[in-house]
Amino acid sequence: MTPTFTHDFNTPVYKGKSSFSTGLYINGKFVEGSDGTTIDVINPTTGKITTRVAEATSKDVDIAVDAAQKAFDTTWGLNVGGAGRAKMLGKLAQLMEEHQQELSALESLNNGKTFSWAMNADIPIAIETIRYYAGWADKIHGQVQETDEKKLTYSRHEPIGVVGQIIPWNFPLVMMTWKIGPALATGNCIVLKPSEFTPLTALRMCELIQEAGFPPGVFNLLTGYGSTVGAAIASHMKIEKIAFTGSTLVGRKVMEAAAKSNLKNVTLELGGKNANIICNDADLDQAVSWAVHGSYWNHGQACTAGSRIFVQSGIYDEFLAKFTEKSRALKASKTWDKYGPDSYQGPQVSKNQFDRIMGFIQSGKDQGATVVLGGDRNGTEGYFINPTIFTDTTPDMKIVQEEIFGPVGVVIKFEDEEDVVQQANDSPFGLAAAVFSQNITRALTIAHRLKAGTAWVNCVNQIHPNVPFGGFKQSGIGRELGEYALANYTAVKAVQVNLGYIM
Amino acid sequence: MASIFTHEFNTPIYKGKTSFNTGLYIDGKFVDGSDKTTIDIINPATGKVITKVAEATPKDVDIAVAAAHKAFDTTWGLNAGGAERSRLLGKLARLMEEHQQELAAIEALDNGKTFTWAMDVDTTFAIDTIRYYAGWADKIHGQVQETDERKLSYTRHEPIGVVGQIIPWNFPLLMMSWKLGPALATGNCVILKPSEFTPLTAIRMCALVHEAGFPPGTVNLLTGYGNTVGSAISSHMKIDKVAFTGSTLVGRKIMEAAAKTNLKDITLELGGKSPNIIFDDADVDQAVNWAAHGIYWNHGQACSAGSRIFVQSGIYDEFLEKFTEKSRSLKVGDPFALDSFQGPQVSKAQYDRIMGYIQSGKDQGATVHLGGDRNGTEGYYINPTIFTDTTPDMKIVQEEIFGPVGVVIKFEDDEDVIRQANDTVFGLASAVFSQNITRALTTAHRLKAGTAWVNCVNQLHANVPFGGFKQSGIGRELGEYALHNYTAVKSVQVNLGHVM
C-alpha cells in the first residue's frame with residue numbers, strides 16, 4: 001500500500017482539499033520504489049517538508065519499460081486508432097479542467113509560484129496543450145509519393161514505441177503536458193521522470209490519466225534523482241527515444257548516454273541567456289512592462305527569461321528609471337505570501353537554487369557591476385530573493401554570460417544596431433530573443449537576424465500550444481509544441497509496393 | 001410563436017422523450033418563418049404527419065445572412081481564435097454524445113432508417129466528425145515562403161465569411177456534421193438548409209449548438225424548399241460560398257446560380273453509379289457480404305452505393321446464389337423493431353421513383369432475380385431487389401436509382417470491366433474485390449472515382465477525404481481536405497529592404 005498525501009488548503013485565495021497516492025505509477029498501479037526509499041518534498045516558502053514520495057531506482061525503470069512495451073504491443077501503439085487516442089486525451093483535458101484549482105494549489109505549494117500565476121497561466125496552458133494534442137491524434141498523416149504507375153509508394157508515421165521523458169521543476173505541470181501531449185497523440189508509451197523537487201502535480205495527474213481511460217502501462221511515472229533514474233532512462237537499451245528539458249549541463253549527459261547506449265533519438269530543451277533588444281523607436285512604456293515580464297516571470301526561473309536587456313542609448317536613462325520603478329513595485333505593492341491575492345513573486349524553488357542565484361549576484365558585485373535594485377534576500381524564511389537589476393557590466397562578466405535562473409536582470413546600453421545584433425548572438429545559447437521597435441523594417445529585420453528559436457517582436461515570453469518552441473545552438477535540439485512536436489515521436493516507414501516491375 | 005414538437009418514443013428498441021422548438025434558428029433564436037407558413041413532416045414508416053415545422057422564405061435568408069455577417073465581423077471569424085472555436089466544437093460533440101439516443105430516435109422517426117443504424121453509424125459518425133474538426137480549429141496553418149531576406153512572405157488561411165450549406169435527406173445529421181465541422185472550425189458563419197423531408201435532427205442540433213455557446217448568428221438554420229430557400233442561398237450576393245450535397249440535377253442549378261450572381265465558390269457532392277468489381281480471385285463470401293452492404297445500406301439511399309456489381313465469370317454463379325441468399329435474408333421492417341435491417345424509403349416521391357426504375361428494368365427486358373416489389377401495404381417499403389441480364393444502355397444500369405436495387409453484371413476480361421466501370425458520367429466511388437495485391441491495387445488506381453475501396457465498400461472515416469470525379473462532384477469533404485473549402489488564402493508580402 002502506497003501512502004497517501006492529504007493536504008487541506010486554507011488560504012486567502014484558495015480553500016480546498018487534495019488527497020492522492022505518492023507512490024510510483026507503473027503499469028496502472030501506484031507502487032513503492034524497489035528499494036522502499038522516499039524523497040522529501042520541501043515547501044520553498046517555509047523550507048519545511050511538505051510530504052515524502054516514493055523514490056524510484058533503475059530497477060523500477062526496467063519494470064516500467066517492460067510494462068510500457070507490453071502495452072505498446074497490445075493495448076496502445078497502433079492497436080488504438082487515432083480517434084481512440086483523441087478521445088482519451090480529450091477526456092484528460094476535461095478532467096484537468098475539473099480539477100484546475102486543486103492542481104494550481106498543488107503546483108503553488110510545491111514549486112513556490114503564486115497560486116494566481118498557477119491558476120491563470122500554468123494550469124490553463126497545460127490544459128490547452130493536452131486539448132491541442134488531442135486534436136492531432138487522428139491527424140497523423142503519412143504521405144503518398146508519386147514515382148510511377150507501376151508502384152504504390154507511401155510513408156507511414158508510426159509511433160516510436162517506449163519513450164523516456166525527463167522534465168524540470170520550473171513549470172512542472174506545463175512541462176509534463178508538453179511532453180505527454182504529442183507522445184500520447186502519436187501512440188507512444190511513456191516512462192516519465194518528474195523533477196525530484198516538484199513531483200506533486202505529476203503524481204496527481206496519474207490518477208486523472210487513469211480515470212481518462214489510458215490502458216495500464218501507457219503512462220508510467222518514476223520520481224527519482226537524475227543521477228539514478230534519469231541516467232537509467234537515458235542509457236536504457238529498450239527506450240527508443242528520450243526527451244529532456246533542463247540545464248545544458250545535464251542535457252550533455254543525456255545525449256552522451258544516448259550515444260553510448262542504443263543511439264536513441266534525443267530532443268533537448270536547455271538553457272538560455274536571452275537577449276531583449278529595445279531600440280530608440282520602441283514604445284517605451286510597453287517595453288518596460290514587457291521587460292519586467294521577461295525578467296521576473298516565474299521568479300526568473302524560465303529558460304526564455306529575457307535576462308540580457310539591451311537598451312539603445314537614446315532611451316536608456318528613461319528606460320532604466322521606469323524599469324527600476326516597475327521592478328521595485330513588484331516588491332512594494334505586492335505581498336510575498338504566494339497565497340496573497342496580490343502576489344506576483346514567490347520563493348525560488350529550493351535552497352540549492354537560492355544559493356546559486358545569490359552566488360551569481362555576489363559575482364556581479366565582485367566583478368564590478370552596479371546593483372541598481374535588490375541584490376539581496378527577502379525576509380528570513382523561505383527562499384525569497386528581491387527583484388535585482390545590474391548595470392555597468394562588461395560582456396565577459398559571469399552575470400552577462402551565464403544563465404542565472406533567478407529574478408536578476410542585466411541592463412546594457414548600446415549605440416549601434418549592427419553591434420547589438422552581434423552582441424545578442426554572441427552566446428553559446430540561442431533559445432529566445434525579443435526586439436522592441438515600432439519600425440516595421442527594423443523590427444522584422446532584427447528578428448530575422450537573431451540566432452534564436454523564438455524571436456518575439458514587441459512582446460516577450462508568449463507561448464501558444466500551436467507555435468513551435470526550441471533552441472538554436474546549445475539551447476537545444478528539436479522543437480516542441482505545434483505540429484512540429486509530432487515529428488519527435490513518430491518513426492517514418494516508407495512502404496513501396498511493386499505493381500508491375502519485373503526482375 | 002414558434003411551436004414545440006414533443007414526442008414520446010415507446011418502442012421495443014428505445015424508450016424516451018424529446019421536446020424541441022421547430023422554428024427557424026436565426027441569430028441565436030427560434031422564430032417563425034416570415035410568411036408564417038409551415039411544412040408537414042411525414043413519417044415514412046406510416047405515411048402520416050409527425051409534426052409541422054416553420055418554413056423559411058428568401059426573406060428569411062436575407063435576415064439570416066445579415067445576422068451571420070454581423071457575427072462574423074464581431075464575435076466570430078478571426079475574432080474568436082482557433083482555441084476558442086476548438087473548445088466550442090468540442091463542447092458540441094460532447095452534447096451530441098449526451099443526447100445520442102434521442103438524436104438517433106428522431107433520425108429514425110424522420111428518415112425511416114432503423115434506430116440501430118442511426119445509433120451505430122449516423123449519430124456515432126456525426127459525433128466523431130464534429131470532434132475531429134474541433135481538433136483542426138487551432139491548426140489552420142498559413143505558410144511562410146522563402147523569397148529573399150529583404151522580404152517576409154507568408155499566407156494567412158482566413159475564414160471566407162458567410163457560407164451557405166444545403167444538405168440532403170439520406171443522412172441528415174451526418175451530412176450536417178460534415179458541413180458544420182470544417183466550416184465552423186475555420187471560422188465561418190453558416191446558413192444551413194436541411195432537406196424539407198428530414199429537418200428534425202438539424203433543428204434539434206440548433207439547441208445543442210446554442211447550449212455549446214456558439215455566438216448568435218454563427219449557425220443559422222432555415223428549413224425550406226430547394227426552389228425557394230435553396231435557390232435564394234445559391235444566388236445570394238452576400239453569401240461567399242455554397243456547399244451542396246444532393247442530386248446531380250440540382251447540383252447543376254446551384255453552380256449555374258453561383259455563376260450568374262457573385263461567382264461564389266462552390267463544392268458539390270452529387271450522385272453516383274458506383275461499380276463494385278469482383279474478380280475470380282476474390283474472397284467470395286466476404287465479397288457477398290460487402291456487396292450487400294454496398295447496395296442495401298441505408299435502403300440504397302447512399303450516393304456511394306455500389307449499384308453496378310460486376311462479377312467475373314469464374315465465380316459468377318456462386319456469387320449470384322450467395323448474394324441472392326444474403327439479400328433475401330435482410331429483414332425489412334419498422335425502424336424501431338429490434339431486428340430490422342431496412343426501413344422504408346424516405347418519401348412517397350422517392351418510393352415512386354424507385355418503383356419507376358424497377359418497372360423500366362422489367363420493360364427493358366432485364367431479369368428480376370429477386371424482389372422488385374413493395375413490402376407491406378403501409379409506408380414506403382421496397383424489398384431488396386436484384387436485376388440480372390442487363391445491357392449497358394438500360395436505365396437501371398446508367399442512372400442512379402437510390403433504392404435497394406442492385407444490378408449484377410457478368411464480365412470476362414480485366415481490361416473490359418475497367419472500361420465498363422469507367423464508362424459513366426459519374427465518378428463518386430468504386431470497389432475492387434481481389435486477393436491478388438497487384439490486380440487489386442492496379443485496378444483501384446485505374447478506376448476514375450474519388451474513392452476506391454479494396455476488399456470493402458462504403459467505409460467512411462472523418463479523416464479520409466470523400467468526393468467525386470467527373471459529374472459526381474467538385475471538391476472533397478472530410479479529412480484535412482475539407483478545410484480548403486472554407487478558407488480564403490491571403491498572401492502578405494512585407495518589404496524589408498527592396499527599394500524602389
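This report walks through some strands, cores, loop residues and cysteines of the structure above.

First, the ground rules: this is a predicted model, where local features need pLDDT of at least 70, side-chain atom pairs count only at pLDDT 80 or more, and totals for chains, interfaces and linings use all residues. Residues are numbered from 1 along each chain as its sequence is written, chains are lettered from A and ligands numbered from 1 in the order in which they are written, and side-chain values use heavy atoms, with hydrogens and water left out.

**Strands**

Helices (H or I, at least four residues) and strands (E, at least two) are DSSP runs numbered from the N terminus, and two strands pair if DSSP finds at least two bridges between them. In chain B, 3 strands make an open, antiparallel sheet in the order 7-8-22. Its edges are strand 7 (143-145) and strand 22 (487-495), each pairing on one side only. From one strand to the next, the twist averages 25 degrees (axes are lines fitted to C-alpha atoms, for helices over the stretch in contact, with angles from 0 to 180 degrees between N-to-C directions). Strand 7 meets strand 8 (residues 151-159) over 3 bridges, and B:Gln145 sits opposite B:Ser153 of strand 8.

Over in chain A, strand 14 (residues 275-278) runs parallel to strand 15 (residues 308-312), with 4 bridges joining them. A:Ile278 stands opposite A:Val311 in strand 15. In a regular strand, side chains alternate between the two faces of the sheet. Here A:Ala275 and A:Ile277 point one way from strand 14, while A:Asn276 and A:Ile278 point the other way, and all are buried (buried means under 20% relative accessible area, exposed over 50%, partly exposed in between, with a 1.4 Å probe and protein chains only).

**Cores**

A nonpolar core is a set of buried Ala, Val, Leu, Ile, Met, Phe, Trp, Tyr and Cys residues joined through side-chain atoms within 4.5 Å. The largest one has 227 residues, and A:Ile180 and B:Phe323 have the most contacts inside it. Helix 4 (residues 115-136) of chain B brings the largest share, 12 residues. Apart from this core lies another, of 29 residues, among them A:Phe310 and A:Val420.

Which residues does A:Ile180 touch, not counting those up to four places away in sequence? Its contacts (heavy atoms within 4.5 Å) include A:Leu92, A:Ile130, A:Gln165, A:Met205 and A:Phe219.

**Loop residues**

Three loop residues, side by side:

| Residue | Loop between | Relative accessibility |
|---|---|---|
| A:Gln345 | helix 10 (313-332) and helix 11 (351-366) of chain A | 2%, buried |
| B:Asp27 | strand 3 (24-26) and strand 4 (29-31) of chain B | 31%, partly exposed |
| B:Asp389 | strand 17 (385-388) and helix 12 (395-398) of chain B | 51%, exposed |

A polar atom of the A:Gln345 side chain lies 3.0 Å from the backbone oxygen of A:Ile385. B:Asp27 isn't a glycine, yet its phi is positive, near 55 degrees. B:Asp389, also not a glycine, has a positive phi of about 55 degrees.

**Cysteines**

How many disulfides turn up over all chains? The search finds 0 (a disulfide is a pair of cysteine sulfur atoms within 2.5 Å). Why is A:Cys189 too far for a bond? Because the closest cysteine sulfur, in A:Cys206, is 14 Å from its own. A:Cys189 counts as buried, at 0% relative accessibility. As for B:Cys206, the nearest cysteine sulfur, that of B:Cys189, is 14 Å away, and B:Cys206 is buried at 0% relative accessibility.

Conventions
Polar contact = N/O pair within 3.5 Å; in protein donor to acceptor, adjacent residues only side chain to side chain.
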